[in-house]
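Colleague: I have just opened this one and would love a friendly tour. Could you take me through some strands and cores?

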Amino acid sequence: MSKSFLIAAPWSNSGKTTITLGLARYLNNFGLDVQTFKCGPDYIDTIHHSAAAGKPSVNLDSVMMEDNHIKEVFNKYNSKADISIVEGVMGLFDGAVKDQGSSAELAKKLNIPIILVVNAKAMAYTIAPILHGLKTFDPSLEIAGVLFNFVRTESHYAFLKEACETVGIHSLGYTPPNDEIAIPSRHLGLHIENSFESLIETAADHIGKSIDVVKGFKHLGIDLEQILEKKSSQDNLTKGFQPLASEAHEIESNTLGASKQEVNSTKGGQRLVTIAIAKDEAFRFTYVENLNYLKELGDVVFFSPIHDDKLPKADFIYLAGGYPELYLKELSSNFKMKEALKEAADKGIKILAECGGMMYLGNKIINEKGVSYPMVGVFDFSTSMENKKLHLGYRKVVLEKEEIWGHEFHYSTIQDDHYESIAKVYTAREKEVSTKVYLYKNVWASYIHLYWGAGNFGWINDVSTNGFQPLEKKEVNLTSDINESLDKGLKPLGINREKEHYFVTFVTAKSRISDRMVKYNSSNFIRNLNGLIFSKEDLRVLKGVFDEAIELYQLDVSCYNILPDHVHFLLKVEDKDELKEQIRKLKGYTSFKFQRYKEWEKGKQKVWAQKFHRKRLSKLNDSIEKVTNYIKNNHYKHRERWGREMTLFIESLHKSEN
């Protein structure tokens, strides 16, 4: 059975990313383990993918990666997923040189089918010759179907469907335009703020209402219902279930647990190095496989140049790219961190700084208005966002003994640059460019985001033999320093964090509670849904469905209570990422199962309101005990609304398990 496909388009701005995000979230809400990939070097799309699917998205790039490595990476993640979605890049055959690095080339290398997303806003039957050309240009490609985007009416879609019939390509349906899911742009690609969460959920809802996903996937050879039934019926699939990471740059993924860190503490009888990675709002543009490879080399810790005032003791420091220009005041005012990084560089600690990380190590960064902010000062040059100019493309970095591929994408320019480059840099067309690679002692800095996930970068591989001794490995314990990191959301590997208690409430559409939660849901969402009050039989079915979900996803539930228009939970999780992931699974599974039980017409009625209420409980007082008692007795609080008979029924429904 096929379980992977690539989403491509004839040209850019067709809606590939929106469809990918919405479909990934829809399938995730459906209860499936969705793995997302991105064709090409884009590190921003993968951040959004990760939020939509609930697990890290992975780049697959046939320019920067060897064929065997591409297949190895794809198979590693695809084998663990129920379904895999690869988002293409630009137009179907658009590559760095001809179709090199294109969506079409990647689909052939992976031997997976293609779903075309076509912006048909101003097109009718003329799409037929375009589809014919895409289908016949390279007959080795399998174009499994077409989804037409920005189509408002059935009459318009009729022309497009006829075109598909003429060409012999299956039509998967159409999606109307929707301003609520329009993706705003930013100077360096897509927006990455938290507001995307609402956009993703709305996109999933929009796709679910517009097309019959289950039917469409069956045509592709993917039976979603069968996959879900198999997941829920096989107990062995639930054993050892681990919550999924929520961002691509999170190194603490399922495959890199604490036990592996202990195994990797030594290598060939030698103690491994400690690697410190900058990770916060300003520095987050990384490739998952790069981070995974660093984990193979040593013990990884994270730090924040914005929030932390101390630099972790480390043998190697990685400053990835990001948006430092958006946090100039915060970075500039953190004097202790700047001094610590300058001292580390002067001492010969190995540091890799890419793009935004390089800007941070410069003398100053100048914003769009010409205001200067002092930075670390490892290098004398400054970078400026004034008079922005786009620098974009693949880069081959040629050193004396090796070469490595990367990608350059920025709008800033360098000022007061008197340094010689330690490498020659070329485009994919072998044209030399002026982009430099800077070296100060053991500090490597450049605008180029390098890919070394295959262990193909000798400069990094030599981190443990670069002339200084690795730090002594300390016993893992919750010191005050670690507690500070935990408070700032940085989770050192190998540490078992004590679970937190969260009071969570799901509400039905237009319940009394959801009326008070309008701020958590779009007005359009609330307005277009019917009120829902569960009957006794509904509650009996829901109780069974919730029990299934708790067992299937191995949720740590202290107690819960199902009521006629809302459900209260007391969940125990390690952090907010785990909470978010478990709630998403729980909502998706119970909603899907209940909709099937009611046999509702697809897209006409939701079970739960779009957002949920959650509150973390303190362990320092008796709030956990109070909330527990509140949940267990909440049906008595509302007995005047529902009546004595319903109150007693709810009591009996839960009594066996207290």
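Modeller: Gladly! Keep in mind that this is a predicted model. Let us start with strand β17 (residues 350-354), which pairs with β27 in the parallel sense over 4 bridges.

Colleague: Which residue in β27 stands opposite Ile351?

Modeller: Ile351 belongs to the stretch 350-354, which is strand β17, and the partner strand is β27. Across from Ile351, the residue in β27 is Val443.

Colleague: And which residue is the bridge partner of Val443 in the antiparallel pairing of β26 and β27?

Modeller: Strand β26 (residues 437-440) joins β27 through 4 bridges, in the antiparallel sense. In that pairing, the bridge partner of Val443 is Tyr440.

Colleague: Which residue in the turn between β26 and β27 has a positive phi?

Modeller: These two strands form a hairpin, with 2 residues between them. The one with a positive phi, of about 50 degrees, is Lys441.

Colleague: Are the residues of strand β27 buried or exposed?

Modeller: Val443 and Ala445 point one way from the strand, while Trp444 and Ser446 point the other way. Buried means under 20% relative accessible area. By that cut-off, all four residues, on both sides of β27, are buried.

Colleague: How many residues of strand β14 are buried?

Modeller: Strand β14 (residues 298-303) pairs with β12 (residues 273-278) in the parallel sense over 6 bridges. In that pair, Ile277 stands opposite Phe302 of β14. Strand β14 is mostly covered: of its 6 residues, the number buried is 5.

Colleague: Which strands are at the edges of the open sheet of 5 strands?

Modeller: The order is β25-β24-β21-β22-β28, with antiparallel pairing. Strand β22 (residues 403-410) is joined to β28 by 2 bridges, and there Gly406 has Leu450 as its bridge partner. The strands that pair on one side only are β25 (432-433) and β28 (449-450).

Colleague: Now the cores, please. Which helix gives the most residues to the largest nonpolar core?

Modeller: That core has 55 residues, and Leu60, Leu92, Leu116, Leu131 and Phe148 have the most contacts inside it. The helix that gives the most, with 5 residues, covers 154-167 and is α6.

Colleague: How many residues does the second, separate core have?

Modeller: Among its members are Ala51, Phe196, Val214 and Phe592. The number of residues in this second core is 38.

Colleague: Last one: which leucines does Leu116 contact, leaving aside its neighbours within four places in sequence?

Modeller: Its contacts include Ala8, Ala9, Ile143, Gly145 and Val146. The leucines in contact with Leu116 are Leu92, Leu131, Leu134 and Leu147.

Notes:
Residues numbered from 1 in each chain as written. Predicted model: local features only at pLDDT ≥ 70, side-chain atom pairs only at ≥ 80, totals over all residues. Heavy atoms only, no water. Core = buried A, V, L, I, M, F, W, Y, C linked by side-chain atoms within 4.5 Å. Buried < 20%, exposed > 50% of the residue type's maximum accessible area, 1.4 Å probe, protein only. Contact = heavy atoms within 4.5 Å. Pairing = 2+ DSSP bridges.
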